[in-house]
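Q: Could we go through this structure together? I would like to understand how its parts pack.

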Amino acid sequence: MTDVLTHPFVLARVLHYSQTRPESTALAFGDVDISYAELAERVNRLASELIDLHHEPGSPVVVQLPRGPEQVVAMLALWQAGLAFLPVDHRDPSRRLDDIRSTTGASATISADVDNAWGSSIKVSAAAAHPRRQTQSVHGFDPASVAYVIFTSGSSGRPKGVVASHESLTSLIEQLTHRYGIMSDDRVLQFGAPTFDTSIEQVCVALAAGATLVLPETVWAPSEFHQKIEQAGITVMDLTPSYWRDIITASGGAERSRARPRLLILGGAAVTNRDLDDARSIYPQARILNAYGLTETGITSCLAEFDGAAGARNGPAAVGHPLDGSAVAVLDGSDAPLAPGVAGSVVVAGRLAVGITSGSGTVVPLPTVSIGGENFYRTGDTGYVDQFRGLVITGRTDRQLKIRGFRVDPDEVENALRQLPHIQDCAVVASGSGSALHAFYTLAPGTSDPGRSDLLSALRTTLPSYSIPSDATPLDSLPQTRHGKTDYRALTEHALSGTETATDIGIVLDSAIEHAIATVWTEVLKIDRHELGVPFFDAGGTSVTAAELVARTRASLGIHVRYVRALIEQLLKEPHFANFCQAVAAARSGTLVARADPREAMESDLARTITPSRAMEGDSRAHLTEASTVLLTGATGFLGSHLLPRLLTNSTARVACLVRAESDVTARDRLRAAWRKYGSAPDIPNDAFDRIDIVVGDLTQPHLGLSEVAFDQLAARTSLVVHSGGTVNFIYPYTEMKTANVDGTLELLRLASVNGAPFHHVSTMAVIAGHGVAGTSLVNEDDPLEHLDQLGVGYVESKWVSEHLVHDAGRAGLPVAVYRAADISGHSTRGTWNTATEMCCMKRFIADIGAIPLAELPMDYTPVDVFADALVHIATHEPTDGRVYHLTNPNKTHISLLRERLQARGRDIGELPWDEWISRMIDLAVSNPRHPMTPFAPLFIDKCPGGQMSVAAMYLEDTFPGFTRTNVDRALAGTNITFPDVDAALIDRYLDFLEREEFLWA
């Protein structure tokens, strides 16, 4: 061991890497990367605060934080301060936390110092009073040697703390880092719950090797797991077998994943040969290990490398041979060692815990048996030693269970139940699935049944979430064995039979959104609609199913990913269907977790102004020369890829393309890819890049992501701005859309105002939808915008506000023009289209369900090449005098033509009433979150702000206002720019393209 590998081992390694590789990423949490230098700085800062409290060496400190970097910082800081890490679940009931503090004599608590539950700040609160630590019960025990205390279930009815030393932890991590082969370029998934000792191992092996520890913000839904680890670049992961089986089920079987982890470890509960076979099928390139150990034996004691030569498919997988420094034996009833192949009680020696907490800080020794002068811990497991495969675990000698990876002693749950006033006697067994608990109880004389829901709620005040039974059944009496003891076998059979009466707590569903959520809720929990009133966790929900519920709800209803953690936290806090519906509504409106009200954000944005440095004087037409520069945004988008060649061919000016990319090279690659994808490549001049200037920037950033100097230089040479960029999403709220669409527009206006460059802004006809709801029948191009409060779609609201800012700048003297688009469709002759648009996705949906809606739904398609021709002509030939152009196709048609053209291709396409058609869309969104139409489904489900119709219904012919296009007709008069009829030939051209792209049919 070198001099940097000093006690405490992992902390020393982190400090070492902070000096030798300071910029390397230590922790990855969502979009945030924390370097080793930053991690060390945070650890040092918190450690200094802890040292100033003058606690006794080795004193345990409660860490009451949600999952995240702060957990890691707290653990390392405690070790630097000579204190012990005592993690608890920040959601645990206060009575349990009080028991833990009392049992350990914890001297302080580290918790979140924020208004919401997932901020980045932490605070240290010293205990008002804590007893002096009493350690005499363990001979030679040095309190300063304690690394951590982990609490598990105890048969006494109180939580039991296992005290582990730095020496044992150091020995384990040194060996596992080598056995796992962890390297500095690995990305190690930290997936264990913070209160689970495996999480300490996951953190330590990564940081000891200088690797990156990836901390998910929430538990990942099993259906999203493969995608998540691929996105995060995970190379090493350690999972519980129950979660692994959920992944297999959610992915529809053992199919090979595109993710490429090199090491998968399964452990924390019994692993079957089938689990390992499935792992090999999905990750054929990965090493697969089965790990075994207990908190009392130092986390991991045995490892088995899976080589494909397993036993019976559903039988127990071997856990292998002990690590160096550990030993295992199998004993008979007299504590005599058994020969290989003979089953008995499993005992483990080696890195044993110091002892167990026993009240007021006292630590008592582990119960052990001496074999050959060495102390072995009685694990409570049964098994045998296979001379080739090593140890095989076959069961338990006691009633202890593993629930969601946590050890649960049913005796602790029974003791908690017996303390309730209505309970005479009780018994707790594994549920039918084996992944939860089932309680049976009898009532005390003269009391009435509190009911399943109230009884389980009462348990939540004393027990952690994983110890709460998923069901509770009243009995007249508990079954007895012939010896007069509770017959747990009979109760287990009762739980397995599922004969208990289903709880009938119905919920009245008021909206299409609630119907959609109800479908996901019942499918995830595998319950019927009449059980919607049962709280989520009472109905069998777990943290994993909570993640699955939120993932499927988010995919079906278009919720921004930033709200996932908040939704899960809300579900854990208020696990009722109605509360979850309210939380979903708040997430979709952008108001969940005390975020700014979108209306307040809009009002604030509407008050922002731009004052041009140079006001418009004389002719406002663009006079572009070789010395001019046109700034184009959105050049890699569908419209922008067609605007670019027209700007190049209609003038001799240079075109500066604002592109979000890592470098000029990747920006050019993005442009070329857009030309190929969207069919504009034939229009691009051969010498295009001789006149294209790449500006690597970002609409969402101040100064467009440029330095102040670069921003000023770009402003000084810009002669004209064509702003077609932004974020298009019809589901996310205004607060999520404003950064690119409003703030970005304001930055561009600020740039244009330096030299008074004409500003041409692409908007949407949707900004006038509120006029129709308000009863306006006709909107002229130059009519002022009104009725922002009637729109109800964040994207449209952001375009309304950005238009307001553009017009305001125009009134202040900046030359501006606004182009409102309806449906920009595929190329008029090539048919090439952006398949991500609602128009393409709706065609796929109609083809899949075989029906169009019976509604006045127009197809007012403006081919992208025609729109681009018209905009560039107006921008380069007409005065930029504040006019609005309704740049739409007057030759629209009804959706029934699409039905005819699909039928001509042999598809059986019928008609459905609007409400029934919408119901089919809801079913699709819930059952197939990956269908192209699913992201747009909320448009057809959500009510408009007034509540009288859906958002989509606002755009039907009988609601959307009529509008003039006088300015367009005047500007294009005398040109060869014409708008084609939306006829059979055009629709067929589009359908041909969608078929070539294999997009149209499932």
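The conversation below takes up the nonpolar cores, one sheet, the aromatic pairs and two backbone angles.

Q: Before anything else, what kind of model is this?
A: The model is predicted.

Q: Let us begin with the largest nonpolar core. Which residues touch the most other members?
A: Those are Phe225, Leu239, Trp244, Tyr283, Trp521, Trp917 and Phe940, within a core of 211 residues. The largest share of this core comes from helix 26 (residues 864-877), which supplies 9 residues.

Q: Which residues does Leu239 touch?
A: Leaving aside residues up to four places away in sequence, Leu239 touches Leu189, Phe191, Phe225, Trp244, Ile247, Leu264, Ile265, Leu266 and Gly267.

Q: And how many residues are in the second core?
A: That core is separate and has 61 residues. Among them are Ala108, Val203, Ala208 and Ala291.

Q: Why would such side chains gather in this way?
A: As a general matter, nonpolar side chains in soluble globular proteins tend to be buried together.

Q: Changing topic: in what order do the strands of the 25-26-27 sheet run, and is the sheet open or closed?
A: The sheet is open, and its 3 strands follow the order 25-26-27 with mixed pairing. Strand 25 (423-430) and strand 27 (471-474) are the edge strands, each pairing on one side only. On average, neighbouring strands of this sheet are turned by 20 degrees against each other, direction ignored.

Q: Mixed in what sense? Do strand 25 and strand 26 pair parallel or antiparallel?
A: Strand 25 and strand 26 are antiparallel and share 7 bridges. Strand 26 (residues 437-443) and strand 27 run parallel, joined by 4 bridges.

Q: Which residues stand opposite one another, so that I can find the register on screen?
A: Between strand 25 and strand 26, Ala430 stands opposite Leu437. Toward strand 27, His438 is opposite Asp471, and Tyr441 is opposite Pro474.

Q: How does the chain get from strand 26 to strand 27?
A: The chain passes through helix 11, making a β-α-β crossover that is right-handed. Helix 11 (residues 452-459) also packs on the sheet, where it touches strand 25, strand 26 and strand 27. The direction of helix 11 makes about 125 degrees with that of strand 27.

Q: What does helix 10 touch in the sheet?
A: Helix 10 (residues 410-418) packs on the sheet too, touching strand 25 and strand 26. The direction of helix 10 makes about 155 degrees with that of strand 25.

Q: How many residues of strand 26 are buried?
A: In strand 26, 6 of the 7 residues are buried, so the strand is largely enclosed by the rest of the structure.

Q: On to aromatics. How many aromatic pairs are there?
A: The count is 22 aromatic pairs. In one of them, the rings of Tyr819 and Tyr885 have centres 5.3 Å apart and planes at 15 degrees, so the pair is stacked.

Q: Where in the chain do Tyr819 and Tyr885 sit?
A: Tyr819 belongs to strand 34 (residues 816-821) and Tyr885 to strand 39 (residues 884-887). The two are 66 residues apart, and their pair links distant parts of the chain. Both Tyr819 and Tyr885 are buried.

Q: Trp917 and Phe940 appeared in the core. Is their pair stacked or edge-to-face?
A: The pair is edge-to-face, because the ring planes of Trp917 and Phe940 lie at 75 degrees, with the centres 5.7 Å apart. Trp917 is in helix 28 (residues 914-927) and Phe940 in helix 29 (residues 937-941), so the pair ties together parts that are 23 residues apart in sequence.

Q: Is Trp917 buried or exposed? And what is the relative accessible area of Phe940?
A: Trp917 counts as buried at 0% relative accessibility. Phe940 is buried as well, with a relative accessible area of 5%.

Q: Which residues form an aromatic cluster with Phe225?
A: Phe191, Trp220 and Tyr243 form one aromatic cluster with Phe225.

Q: Finally, the backbone. What is phi of Asp335, and what is phi of His703?
A: Phi of Asp335 is near 65 degrees, a positive value in a residue other than glycine. His703, which is not a glycine either, has a positive phi of about 60 degrees.

Q: Where is each one found?
A: Asp335 is in the loop between strand 16 (327-331) and strand 17 (344-349). His703 is in the loop between strand 30 (692-696) and helix 21 (708-717). Asp335 counts as partly exposed at 27% relative accessibility, and His703 counts as partly exposed at 22%.

Key: Residues numbered from 1 in each chain as written. Predicted model: local features only at pLDDT ≥ 70, side-chain atom pairs only at ≥ 80, totals over all residues. Heavy atoms only, no water. Core = buried A, V, L, I, M, F, W, Y, C linked by side-chain atoms within 4.5 Å. Buried < 20%, exposed > 50% of the residue type's maximum accessible area, 1.4 Å probe, protein only. Contact = heavy atoms within 4.5 Å. Pairing = 2+ DSSP bridges. Axes fitted to C-alpha atoms, helices over the stretch in contact; angles between N-to-C directions. Right-handed = clockwise from strand over helix to strand, strands pointing away. Phe/Tyr/Trp six-rings, centres within 6.5 Å; stacked < 30°, edge-to-face > 60°.
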